[in-house]
Amino acid sequence: MLNAEMQKLKQQNYFPIPNAVFDLDLTDGEILVYAFLLRCEDRRTYQCNPSYTTIGRAIGKSVNSVRKYVRGLTQKGLITTEHTQIITKSGETRNGTLLYTILPIQQVMDRQFEKQMTLAMMESRKQEVERMLQNTKDS
């Protein structure tokens with residue numbers, strides 16, 4: 001059923017963006033880049049390779065800003081990037097565009113939940129130690 005819905009969306013020139021993206025503390029630029037990469041991705045491989053310039057033109061941002069947003073998405077675990085190379089007609093090897101792989105959003109959400117739980121446990125432990133110290137002081 002879900003696959004049929006995806007095909008219908010694709011035929012209507014739409015692409016889905018996971019709701020969870022808005023719960024991940026992304027900047028507006030990171031959301032724009034992520035959405036553009038989702039639009040470009042091959043739905044079988046979850047990969048695409050637009051240039052920084054292409055992304056920048058599509059979202060109205062500079063190449064340097066796009067580079068910063070891509071770095072942020074990579075650090076937050078939403079995408080991975082790989083360098084590619086091209087061979088020119090004259091046989092020279094040159095740097096190509098990055099190959100982006102969109103990672104499963106559930107993995108990112110799980111990591112964020114684990115991080116929040118760890119922080120909550122640390123805060124709880126800190127409060128427990130502070131109470132113990134206060135009780136020792138009062139004795």
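This passage describes the overall form of a predicted model, then helix H2 with its residue Glu30, and finally the contact of helices H3 and H4.

The chain contains 5 helices and 5 strands. Read along the sequence, these elements follow the order α-α-β-α-α-β-β-β-β-α. The chain has a radius of gyration of 22 Å, whereas the globule rule gives 14 Å for 139 residues; the value is well over that figure, so the chain is more spread out than a compact globule. The C-alpha trace spans about 85 × 45 × 25 Å along its principal axes. Buried residues make up 23% of the 139 residues of the chain. Of the contacts between residues at least 6 apart in sequence, 51% join residues that are at least 24 apart.

Helix H2 covers residues 28-40. With 13 residues at 1.5 Å a residue, H2 should span 18 Å, and the 19 Å between its end C-alpha atoms agrees with this expectation. The expected figure is 1.5 Å times one less than the number of residues, so the 13 residues of H2 lead to 18 Å. The buried residues of H2 are Gly29, Glu30, Val33, Tyr34, Ala35, Phe36, Leu37 and Leu38. Their cover includes three helices and strands from several parts of the chain: helices H3, H4 and H5 (105-138), together with strands S1 (47-48), S2 (79-82) and S5 (99-102).

Glu30 is one of the buried residues of H2. Its relative accessibility is 6%, and because buried means under 20%, Glu30 falls in that class. Leaving aside residues up to four places away in sequence, Glu30 touches Tyr69, Gly72, Leu73 and Lys76. Of these, Tyr69, Gly72 and Leu73 are numbered within the range of helix H4, residues 63-75.

Helix H4 also meets helix H3, which is formed by residues 52-59. The axes of the two helices come within 9 Å and cross at roughly 100°. Angles of 65 to 115 degrees count as roughly perpendicular, and H3 and H4 are therefore roughly perpendicular to each other. On the H3 side, the contact is made by Tyr52, Thr53, Ile55, Gly56 and Ile59, and on the H4 side by Val63, Val66, Arg67 and Val70. The residues of this contact divide into 6 nonpolar, 2 polar and 1 charged. Since Gly counts as polar, the polar residues are Thr53 and Gly56, while the charged residue is Arg67.

Conventions
Residues are numbered from 1 along each chain as its sequence is written. This is a predicted model: local features need pLDDT of at least 70, side-chain atom pairs count only at pLDDT 80 or more; totals for chains, interfaces and linings use all residues. Side-chain values use heavy atoms; hydrogens and water are left out. Axes are lines fitted to C-alpha atoms, for helices over the stretch in contact, and angles run from 0 to 180 degrees between N-to-C directions. Helices (H or I, at least four residues) and strands (E, at least two) are DSSP runs, numbered from the N terminus. Angles under 35 degrees count as roughly parallel, over 145 as roughly antiparallel, 65 to 115 as roughly perpendicular and the rest as oblique. Contact means heavy atoms within 4.5 Å. Buried means under 20% relative accessible area, exposed over 50%, partly exposed in between (1.4 Å probe, protein chains only). The radius of gyration is taken over C-alpha atoms; the globule rule is 2.2 Å times the number of residues to the power 0.38.
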